[in-house]
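Me: I would like to take a close look at one part of this structure, and I am still new to reading strands and their partners. Could you take me through a single strand slowly, in connected prose?

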Amino acid sequence: MSRRHFLVAGGAVAATLGLGLAPARATPAEAQEAIRRVTGSAPIRQGRVTLELPPLVENGNSVPLKIAVQSPMTQADHVRAIHVFTEKNPQPYVAVFRLGPRAGRASVETRIRLADSQTVTAICEMSDGSFWSGSADSLVTLAACVETG
């Protein structure tokens, strides 16, 4: 059997068994589990974190995201990290931004891909070990992170 015939036969078997047909997206439960892995058993409080995310997105391939945290950014009270999570992207843990008191302001701007309409959550880790969160919803008309085949 030639290599080409072997690969064709293997592909046919994989297609028959339905391999690779699982949806390429996380679930809200998987997003909560990813958040729990970051925060452990520490309580997460609402507030101090503001997300700016367009409520309606025409194309999910490049969505602007701004995150700001209310913090004096002093040695005694500053943001250590900002973690970003999504409910329906293939990987729910999207990004982490490490900050310190020398950052001056606790704010970041980036662009992310959104696989579908969903809630984006930012968890802020403070220097005292507390966690604060904020979230925003976005309606996506043309999804990104999609696998066709």
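What follows is a walk along strand β5, its partners and some of its residues.

Reply: Before we begin, please keep in mind that this is a predicted model, and that what I describe is computed from its atoms. Strand β5 covers residues 79-86, and it is mostly covered, since seven of its eight residues are buried.

Let us look at the partners of the strand. With strand β8, which spans residues 118-126, β5 pairs in the antiparallel sense over seven bridges; one place to find this pairing is H83, whose bridge partner in β8 is I123. Strand β6, made of residues 93-98, also runs antiparallel to β5, and five bridges join the two. Between β5 and β6 there are six residues, and the two strands form a hairpin.

Which residue of β6 stands opposite F85? That residue is Y93, and here the pairing of strands comes together with a pairing of rings, because the ring centres of F85 and Y93 are 4.8 Å apart and their planes lie at 15°, so that the pair is stacked. The cut-off behind this word is that planes under 30 degrees apart count as stacked. The structure holds one aromatic pair, and this is the one just described. How covered are its two members? F85 is buried, with a relative accessible area of 1%, whereas Y93, at 34% relative accessibility, counts as partly exposed. The reasoning rests on two limits, because buried means under 20% relative accessible area and exposed means over 50%, with partly exposed in between.

The last stop on β5 is T86, which is found in this strand. T86 is buried because its relative accessible area is 1%, which is under the 20% limit. Which residues does T86 touch, if those up to four places away in sequence are not counted? They are A31, Q91, P92, V94, L114, Q118, T119 and V120. If you follow this list in the picture, you will find residues of the partner strands on it: V94 lies within β6, residues 93-98, while Q118, T119 and V120 lie within β8, residues 118-126.

To place β5 beside another part of the model, you could turn to the open sheet formed by three strands in the order β2-β4-β7, where the pairing is antiparallel. Its edge strands are β2 (49-52) and β7 (107-112), each of which pairs on one side only.

Note on methods: Residues numbered from 1 in each chain as written. Predicted model: local features only at pLDDT ≥ 70, side-chain atom pairs only at ≥ 80, totals over all residues. Heavy atoms only, no water. Pairing = 2+ DSSP bridges. Helix = DSSP H or I, 4+ residues; strand = E, 2+ residues; numbered from the N terminus. Buried < 20%, exposed > 50% of the residue type's maximum accessible area, 1.4 Å probe, protein only. Contact = heavy atoms within 4.5 Å. Phe/Tyr/Trp six-rings, centres within 6.5 Å; stacked < 30°, edge-to-face > 60°.
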